[in-house]
Amino acid sequence: MSGSGTRPTAHGLLPADTTQDVRARGADHSRQVAVLPVGSFEQHGPFLPLVTDTLVACAIAREIADAYPVHLLPPVTISCSHEHAAWPGTVSISSVTLHAVVRDIADSLRRSGVESLVVVNGHGGNYVLGNVVQESSARGERMALFPAVEDWETARERAGVRTSLLTDMHAGEIETSILLHAHPEMVRAGHETADFVADDRRHLLTVGMSAYTESGVIGRPSLGSAEKGSELLASLAASFRPYFSLLTSEPASDVNSGAEEGPTGA
């Protein structure tokens with residue numbers, strides 16, 4: 001299985017597909033799959049941009065689109081970043097609004113003949129996306145949330161990321177690595193000396209991020225590298241194989257296995 005190769009983009013993160021591109025790409029599959037990157041607009045310390053989570057989600061989605069015949073959508077760029085409200089520049093919408101936006105997108109896709117939707121989440125605070133997928137699946141609609149924690153853990157190990165997922169909470173090794181690979185021009189000086197660890201964050205939802213970090217960083221960005229970023233994305237693309245098989249009703253003997261075979265193994 002393979003995608004359509006390197007895809008053109010308009011204005012940076014926006015797909016440049018035509019209707020015919022979408023029709024042709026899904027011709028060999030009983031159900032077409034759309035991929036929706038969901039990011040955020042929130043502080044990521046002094047060295048990563050507010051749009052970091054959107055850049056990460058789009059990098060993952062584009063890696064998937066280069067390997068699988070999916071319909072790549074433009075990103076949702078503002079989401080639920082309420083825990084970062086203490087920092088200037090952060091913008092949020094309510095979970096109710098985000099829920100409605102994703103539902104409306106899925107409904108619209110189905111009306112145009114694209115029955116399955118994968119939400120690629122780039123922001124851990126978008127808890128409501130799990131509810132959207134659960135509720136949609138209970139109605140018999142085809143929707144998935146990607147990446148799962150297990151997919152991130154596999155990618156972390158493959159890429160040689162030294163920081164645990166618990167410690168690598170925000171603007172840390174993983175996000176810095178992906179941006180150093182995909183958008184190095186967006187990474188400013190300072191990540192080399194910005195490490196800060198706060199593993200016990202049990203009151204985060206009550207007191208917000210500012211109670212745990214002054215800089216906005218929780219993690220070890222000094223360990224980030226472009227090489228790790230490339231390996232992280234490659235691993236996530238491989239992990240997407242069972243998701244694609246499940247949503248297109250292609251044979252999949254076990255949706256929990258085979259990720260290591262890579263996108264061409266399906």
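Which helices and strands each supply at least two residues of the lining of the largest pocket? In this predicted model, the elements that do so are α2, β6, α5, α6 and α7. The pocket has a volume of about 800 Å³, and 28 residues line it, with H123, G124, G125, W152 and M169 lying nearest its centre. In general terms, rolling a probe the size of a water molecule over the atoms shows where empty space is left.

Nonpolar residues were examined next. As a general tendency in soluble globular proteins, nonpolar side chains are buried together. In the present model the largest nonpolar core contains 40 residues, and those with the most contacts inside it are I60, I64, V70, V118, V120, F146 and F240. Two or more residues of this core come from each of the strands β3 (33–38), β5 (116–121) and β6 (142–146), and likewise from each of the helices α2 (52–67), α5 (149–159), α6 (173–182), α8 (226–239) and α9 (241–248). Helix α2 gives the most to this core, contributing nine residues. The surroundings of F240 illustrate how parts of the chain meet there: when its neighbours within four places in sequence are left aside, F240 is in contact with I64, Y68, V70, V118 and F146. Apart from this core there is a second, separate one of 18 residues, which includes L73, V76, V114 and V132.

Charged residues were considered in turn. Side chains of opposite charge can pair when their charged atoms come close, and the structure holds 10 salt bridges. One of these joins R110 to D107, with the closest N and O atoms 2.2 Å apart. Both residues lie in helix α3 (residues 95–111), where a separation of three residues corresponds to about one turn of the helix. R110 counts as partly exposed because its relative accessibility is 26%, a value that falls between the limits of 20% and 50%. A pair with the matching three-residue spacing, about one turn of the helix, is found in helix α5, where R156 and E153 both lie; these two residues form a salt bridge whose closest N and O atoms are 2.7 Å apart. Here R156 is buried, because its relative accessible area is 14%, whereas E153, at 23% relative accessibility, counts as partly exposed.

A further salt bridge is formed between E231 and R158, with the closest N and O atoms at 3.1 Å. This pair links distant parts of the chain, since E231 belongs to helix α8 and R158 to helix α5, and the two are 73 residues apart. E231 is partly exposed, with a relative accessible area of 32%, and R158 is also partly exposed, with a relative accessible area of 44%. Elsewhere, salt bridges that share partners join R103, D107, R110, R139 and E141 into one network.

R201 presents another arrangement. This residue is found in the loop between α6 and α7 (204–207), and R201 is buried yet has no salt bridge, the nearest side chain of opposite charge being that of D199, 4.4 Å away. Since a salt bridge requires the nitrogen and the carboxyl oxygen to lie within 4 Å, the pair R201 and D199, at 4.4 Å, is not counted as one. When residues up to four places away in sequence are not counted, R201 touches L166, M169, Y212 and I218. Of these, M169 is also one of the residues that lie nearest the centre of the largest pocket.

Terms used:
Residues numbered from 1 in each chain as written. Predicted model: local features only at pLDDT ≥ 70, side-chain atom pairs only at ≥ 80, totals over all residues. Heavy atoms only, no water. Core = buried A, V, L, I, M, F, W, Y, C linked by side-chain atoms within 4.5 Å. Buried < 20%, exposed > 50% of the residue type's maximum accessible area, 1.4 Å probe, protein only. Helix = DSSP H or I, 4+ residues; strand = E, 2+ residues; numbered from the N terminus. Contact = heavy atoms within 4.5 Å. Lys, Arg positive; Asp, Glu negative; His and termini not counted. 1 Å grid on protein atoms, 1.4 Å probe; cavity = no way out; pocket = protein on both sides within 12 Å on 5 of 7 lines; lining within 4 Å. Points joined across faces, edges and corners; volume = space filled by probe spheres on them.
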